Amino acid sequence: MPTALRLHAPLVLPCDAECSLVRDGVVDIGDDGRITHCGPAASAPQLPAGAPVRECSGILLPGLVNAHAHSPMTLFRGMGSDLPLLRWLREVIWPAEARLREQDIRDGMRLGCVEMLQSGITTTSEMYFSGEAIAEAALDVGTRVVLAAAVIDNPALGSWQKMLQGIDAWIDTDGLRFGPHQQIELAYGPHGAYTLPAEALRAIGEAAQERGALVHTHVAETLGEDAAQRAEYGSVPAMLEQLGVLGGRVLAAHCVHLSDSDIALLARHDVGVAHCPGSNTKLASGAARLTDMLAAGLPVGLGTDGPSSNDDLDLWAEMQLAGLVARLATGDATALTARQALLAATRGGAAALHRDDIGALEPGRWADIAHLDADTPAFATGLDAPDEQVLANVVWAAGSRHVRDVWLAGELVLSDGEPTRVDRREVQAAARAAAQHIRG
């Protein structure tokens, strides 16, 4: 495969299983947008004459994977910010969503994609309505999306049967993945066990397994939301297992209130978990048992949740908060290491989505790459410091403000902090007008 581009940097973090560091490293990108080589420059393959080399002054690492988001909700940022989850949904969000137009969703998603690129996020797992508008926005800005069109039992939004039929038809027409470099993946997004009847969950599980598609759903986010389901089935994970939903690819968001048996059940079915500490703490939903889920072998990624319940799309903040909450909840300062936190935002997120083509700088994976500026106080001790110190600075001291450049499948989509495909100010203006329409 001809090399379309070589990236050379003082430090490369491939986010392999060991979370190793490669000093004076290179990442080679083939003309198909996939990585062909990652390793030390001294042992890199010989480049043909004229092959382009981009010299990067800082750190190269995989684009981050946002395992759970509702990014069009950038339009609702700040609304009902002091309410608990169920009141926030019923009194503020669902009425506001009833006023959404398809163009509003597109504008909100475009803004979300820009914000995520500026945070180094190249893949986002979205659950929302008007899937075509979300896909168009992602294709426009240059973000990879796992798009779980939402299914909910809400008469104001249409019947769940019609929503399900729409996803079936879309997958049957376009396939599970489409767009340049398979930028869009289609999935099913049943909102949750407390917002859908059992027959809907069963039907969604069957449809997804028939097509090999991901099921992305909220599970046990708050203590009181699923009281009826727990009374009948024992727990939401037990309910999903009994209904046959866990027989395929499943991503469970939040998973705050799980018992030992719930964790073991999810592990048996290799269910991916999207851990959302920012949203969970802001809404006082609780502290998920992150260390127990990791110990059980569950594939765990990090999610921002919606930008109106968090209130940003910054996975660096989630890395830091995941570590802080885990350490506080367990009373153990070693509960989540810097290596584990970084892997959760990259390789772990890919595993939670049941994907092996993103989340790491390895041959065959998509060249979705972020470049961090190391000429800042966060790295004042230098990139030649011991490995553990460098990794600690990446996770605990750095942040989204250090992201300078982002490549998606080898294409530069963020340059010096600004998107290359769209005008950020125009995107912000369109989102502002959409938000004003929603407020009336």
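Start by selecting D311, which sits in the loop between β14 (300-302) and α11 (315-330). Helices (H or I, at least four residues) and strands (E, at least two) are DSSP runs, numbered from the N terminus. The model is predicted: local features need pLDDT of at least 70 and side-chain atom pairs count only at pLDDT 80 or more, while totals for chains, interfaces and linings use all residues. Residues are numbered from 1 along each chain as its sequence is written, and side-chain values use heavy atoms, with hydrogens and water left out.

**Backbone stops**

At D311, show the peptide bond to N310: this bond is cis, with omega about 20°. Most peptide bonds are trans, and most residues other than glycine have a negative phi.

Next select H354, in the loop between α13 (347-352) and β15. H354 is not a glycine, yet its phi is positive, about 60°. Its relative accessible area is 22%, so H354 is partly exposed; the classes are buried under 20%, exposed over 50% and partly exposed in between, with a 1.4 Å probe and protein chains only.

Then go to A409, in the loop between β16 (403-408) and β17 (411-415). A409 also has a positive phi, about 50°, without being a glycine. Its relative accessibility is 8%, so A409 counts as buried.

**Strand β5**

Select β5 (residues 59-62) together with β1 (residues 3-12); the two run parallel and are joined by 2 bridges. Strands are taken as paired if DSSP finds at least two bridges between them. V12 stands opposite L60 in β5. Now add β15 (residues 369-372), which runs antiparallel to β5 and is joined to β5 by 4 bridges. In this pairing P62 stands opposite I369 in β15.

**Strand β7: S125 and E126**

Move to β7 (residues 121-128) and pick S125. Is S125 buried or exposed? S125 is buried, because its relative accessible area is 0%. The side chain of S125 makes a polar contact with the side chain of H216 at 3.2 Å. A polar contact is a pair of N or O atoms within 3.5 Å; within protein, one must be able to donate a hydrogen and the other to accept it, and residues adjacent in sequence count only if both atoms are side-chain atoms. A polar atom of the S125 side chain also lies 3.4 Å from the backbone oxygen of A67. Contact means heavy atoms within 4.5 Å. Leaving aside neighbours within four places in sequence, the contacts of S125 include N66, V146, L251 and L353.

E126 lies in β7 too, and at 0% relative accessibility E126 counts as buried. The side chain of E126 makes a polar contact with the side chain of T124 at 2.6 Å. Not counting residues up to four places away in sequence, E126 touches several residues, among them H70, M109, M116, L147 and H216. To put E126 against a position far along the chain, draw a C-alpha to C-alpha distance to R432: 21 Å in space, for 306 residues in sequence.

**Cavities and the largest pocket**

How many cavities of 30 Å³ or more does the structure hold? There are 2. On a 1 Å grid over the protein atoms alone, a cavity is a set of points where a 1.4 Å probe fits but cannot get out; a pocket is an open set with protein on both sides within 12 Å along at least five of seven lines; lining residues have an atom within 4 Å of a point. Grid points are joined across faces, edges and corners, and a volume is the space filled by probe spheres set on the points.

The largest cavity holds about 250 Å³ of space. Of its 22 lining residues, H70, M73, L89, H191 and H218 are the closest to its centre. The elements giving two or more residues to this lining are α1 (85-97) and β7, with the largest share, 6 residues, from α1.

For the largest pocket, about 500 Å³, select F129, S130, G131, A150 and M163. These lie nearest its centre among 22 lining residues. Elements that give two or more residues to the lining are α2 (102-118), α3 (131-141), β8 and α4; α4 gives the largest share, 5 residues.

**Helix α5**

End at α5 (residues 198-211). Its buried residues include L201, I204 and R211, and the buried residues of α5 pack against β8 (144-151), α4 (160-174), β10 (184-190), β11 (214-219) and α7 (236-242). After α5 comes G212, with a positive phi near 70°.

Methods:
Expected span 1.5 Å × (residues − 1).
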